[in-house]
Amino acid sequence: MDVKNLLIDTLTEAFHLPVILQGSLAADDAYPAAFFTFWNNYSTDDAFFDNTESETIWNFDLNYYSDDPSSVNTVLLQAKQLLKAVGFIPDGSGHDVLSDEPTHTGRGMTLFYIEKVRNS
């Protein structure tokens with residue numbers, strides 16, 4: 001399973017918004033009216049048996065930005081419920097995030113995903 005693609009595909013299919021790697025917009029790129037960004041903070045192996053991991057724990061930052069301030073809280077909470085349904089573990093109800101554009105506000109949250117590792 002590709003956990004990053006699960007995150008991207010789930011959000012894209014449900015919201016029909018861009019899902020962008022955090023920091024990858026070029027300085028001269030216009031911000032979309034609304035979009036998600038993500039960053040994979042780390043992944044770590046866990047649950048070792050016979051010196052072999054049986055799961056990998058993924059940690060992501062997920063942010064939602066919009067030029068509609070009222071949507072920032074509601075859309076992120078909708079994404080939280082959707083991502084829970086496909087196995088992500090959201091940590092809390094989010095936090096404010098800084099936007100580089102005065103037209104946009106943002107809200108973010110930390111997500112975990114526990115991937116079961118199949119060892120041969």
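## Exercises on a helix pair and its chain

The crossing of helices H1 and H2 is right-handed. This is a predicted model, so let us work through it with that in mind.

**Exercise 1.** Work out how H1 and H2 are oriented relative to each other.

*Solution.* Start with the axes: those of H1 (residues 3–15) and H2 (residues 69–85) come within 11 Å and cross at roughly 125°. Next, recall the cut-offs: 65 to 115 degrees counts as roughly perpendicular, and over 145 as roughly antiparallel. The angle of roughly 125° belongs to neither class, and the two helices are therefore oblique to each other.

**Exercise 2.** Find the residues through which H1 and H2 meet, and sort them by character.

*Solution.* On the H1 side, look for Leu 7, Thr 10, Leu 11, Ala 14 and Phe 15. Their partners in H2 are Val 75, Gln 78, Ala 79, Leu 82 and Leu 83. Sorting the residues of this contact gives eight nonpolar, two polar and no charged.

**Exercise 3.** Place the helices in the order of elements along the protein chain.

*Solution.* First list the elements: the chain has two helices and five strands. Then read from the N terminus, where the order is α-β-β-β-α-β-β.

**Exercise 4.** Describe the protein chain by its extent, burial and contacts.

*Solution.* Begin with the C-alpha trace, which spans about 55 × 30 × 25 Å along its principal axes. Turn next to burial: 36% of the 120 residues are buried. The chain exposes about 7,000 Å², with carbon and sulfur atoms supplying 50% of that area. Finally, take the contacts between residues at least 6 apart in sequence: 59% of them join residues at least 24 apart.

Methods. Residues are numbered from 1 along each chain as its sequence is written. This is a predicted model: local features need pLDDT of at least 70, side-chain atom pairs count only at pLDDT 80 or more; totals for chains, interfaces and linings use all residues. Side-chain values use heavy atoms; hydrogens and water are left out. Axes are lines fitted to C-alpha atoms, for helices over the stretch in contact, and angles run from 0 to 180 degrees between N-to-C directions. Helices (H or I, at least four residues) and strands (E, at least two) are DSSP runs, numbered from the N terminus. Angles under 35 degrees count as roughly parallel, over 145 as roughly antiparallel, 65 to 115 as roughly perpendicular and the rest as oblique. A crossing is left-handed if the near helix is turned anticlockwise from the far one by less than a right angle, and right-handed if clockwise. Contact means heavy atoms within 4.5 Å. Ala, Val, Leu, Ile, Met, Phe, Trp, Tyr, Cys and Pro count as nonpolar, Asp, Glu, Lys and Arg as charged, and the others, Gly among them, as polar. Buried means under 20% relative accessible area, exposed over 50%, partly exposed in between (1.4 Å probe, protein chains only). Accessible areas come from the Shrake-Rupley method with a 1.4 Å probe; for residues, only the protein chains shown count as cover.
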